[in-house]
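User: Please examine one part of this protein closely, and then relate that part to the rest of the chain. I am a first-year student, so a careful, step-by-step account would be welcome.

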Amino acid sequence: MKKILLFASGTGSNVENIIKYFKNNPDIIIVGVFTNNPNAKVLVKAEKYNVPTLIFNREQLTEGFVLNKIAELKPDLIVLAGFLWKMPEEIVAAYPNKIINIHPALLPKYGGKGMYGMKIHQTVLDNQEKETGITIHYVNEHYDEGEFIFQQKIAIEDCASADEIAAKIHELEHKHFPEIIEKVITHNS
């Protein structure tokens, strides 16, 4: 059985979507949801599906506590689904090509430190882009610079607000992220 460990910082709509996608898959299990945010709604969503959770602070992330907790679970894949902190180099080095992230833009545009969520969508709108999309990529030691696994574009010329762009991006994320996770975990066997 393949094991997936999820990291998130916020509401957890992607986490819930991933949990539901794999719920009845006999070959893949979600072994936990780790978060840096004790008030994250993702905790409620994980509890709803009986997925164990771990809340940690920055010191625990950078000083080995989280790495040890990951090692205990022995995940085949670590998925960042709305996780806003940079993964420490020690974790990236311990799990090469075993950590993936979803980014709500077409990298390399609109990536890097501080570029997440509504900040990206507002910048895309302000720059009058005609399209945007999602990028699923491997995580390396730099924000949003790991090897691309998948990109999907969507036209946004009809969008008048960052919220409208966000809604289109969420649709793309929910449609493609679980499928790409499944492909990555089955091909990395």
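Analyst:
**A loop residue and its surroundings**

N37 is located in the loop that connects β2 (28–35) with α2. The model examined here is predicted. With a relative accessible area of 24%, N37 is partly exposed, because that category covers values between 20% and 50%. Its partner for a distance check is V66, which is 29 residues away along the chain. The C-alpha atoms of N37 and V66 are separated by 14 Å.

A second pair may be set beside this one. I99 and I78 are 21 residues apart in sequence, and their C-alpha atoms are 4.6 Å apart in space. I99 belongs to strand β5. The relative accessibility of I99 is 1%, so this residue counts as buried, the limit for that category being under 20%.

The loop of N37 leads towards α2, and the loop that follows α2 (42–48), ahead of β3 (53–55), contains N50. N50 is not a glycine, yet it has a positive phi of about 60°. Its relative accessible area is 71%, and N50 is therefore exposed. D144 also has a positive phi, near 60°, in a residue other than glycine. What is the setting of D144, buried or exposed? D144 is placed in the loop between β6 and β7, and its relative accessibility of 13% means that it counts as buried.

The chain as a whole gives these residues their context. It has 7 helices and 7 strands. Read from the N terminus, the order of elements is β-α-β-α-β-α-α-β-α-β-α-β-β-α. The C-alpha atoms fill a box of roughly 45 × 35 × 35 Å along the principal axes. A compact globule of 189 residues would have a radius of gyration near 16 Å, and the chain agrees with this because its own value is 16 Å. Of the 189 residues, 47% are buried; I99 and D144 are among them.

The loop between β5 and α6 calls for separate attention, since P108 is found there. L107 and P108 are joined by a cis peptide bond, with omega of about 10°.

How many salt bridges does a search of the whole structure find? The search finds 5. One of them joins the side chains of K109 and E129, with 2.9 Å from N to O. K109 lies in the loop between β5 (99–103) and α6 (117–126), while E129 lies in the loop between α6 and β6, so this contact ties together parts that are 20 residues apart in sequence. K109 is partly exposed, with a relative accessible area of 44%. E129 is likewise partly exposed, at 21% relative accessibility.

Another salt bridge brings together the side chains of E131 and K153, at 3.7 Å from N to O. Since E131 is in strand β6 and K153 in strand β7, the pair ties together parts that are 22 residues apart in sequence. E131 has 37% relative accessibility and counts as partly exposed.

A further salt bridge is formed by the side chains of D158 and K168, at 2.9 Å from N to O. D158 is situated in the loop between β7 and α7 (162–187), and K168 in helix α7; the pair therefore ties together parts that are 10 residues apart in sequence. With a relative accessible area of 56%, D158 is exposed.

Charge also appears at the surface in another form. Which residues form a negative surface patch? The patch is made by E89, E90, E141 and E145. Of these, E141 is found in the loop between β6 (131–138) and β7 (148–155), and D144 is placed in the loop between β6 and β7 as well. E141 is partly exposed, at 33% relative accessibility, and D144 is buried at 13%. E141 can belong to the patch because patch members must have over 30% relative accessible area.

To return to the starting point, N37 sits in the loop between β2 and α2 and is partly exposed. Its C-alpha atom is 14 Å from that of V66.

Conventions. Residues are numbered from 1 along each chain as its sequence is written. This is a predicted model: local features need pLDDT of at least 70, side-chain atom pairs count only at pLDDT 80 or more; totals for chains, interfaces and linings use all residues. Side-chain values use heavy atoms; hydrogens and water are left out. Patches are made of residues with over 30% relative accessible area and no salt bridge: like charges are joined within 9 Å, nonpolar side chains (Val, Leu, Ile, Met, Phe, Trp, Tyr) within 5 Å. Accessible areas come from the Shrake-Rupley method with a 1.4 Å probe; for residues, only the protein chains shown count as cover. A salt bridge is a side-chain nitrogen of Lys or Arg within 4 Å of a carboxyl oxygen of Asp or Glu. Lys and Arg count as positive and Asp and Glu as negative; His and the chain ends are not counted. The place of a charge is taken as NZ of Lys, CZ of Arg, CG of Asp or CD of Glu. Helices (H or I, at least four residues) and strands (E, at least two) are DSSP runs, numbered from the N terminus. Buried means under 20% relative accessible area, exposed over 50%, partly exposed in between (1.4 Å probe, protein chains only). The radius of gyration is taken over C-alpha atoms; the globule rule is 2.2 Å times the number of residues to the power 0.38.
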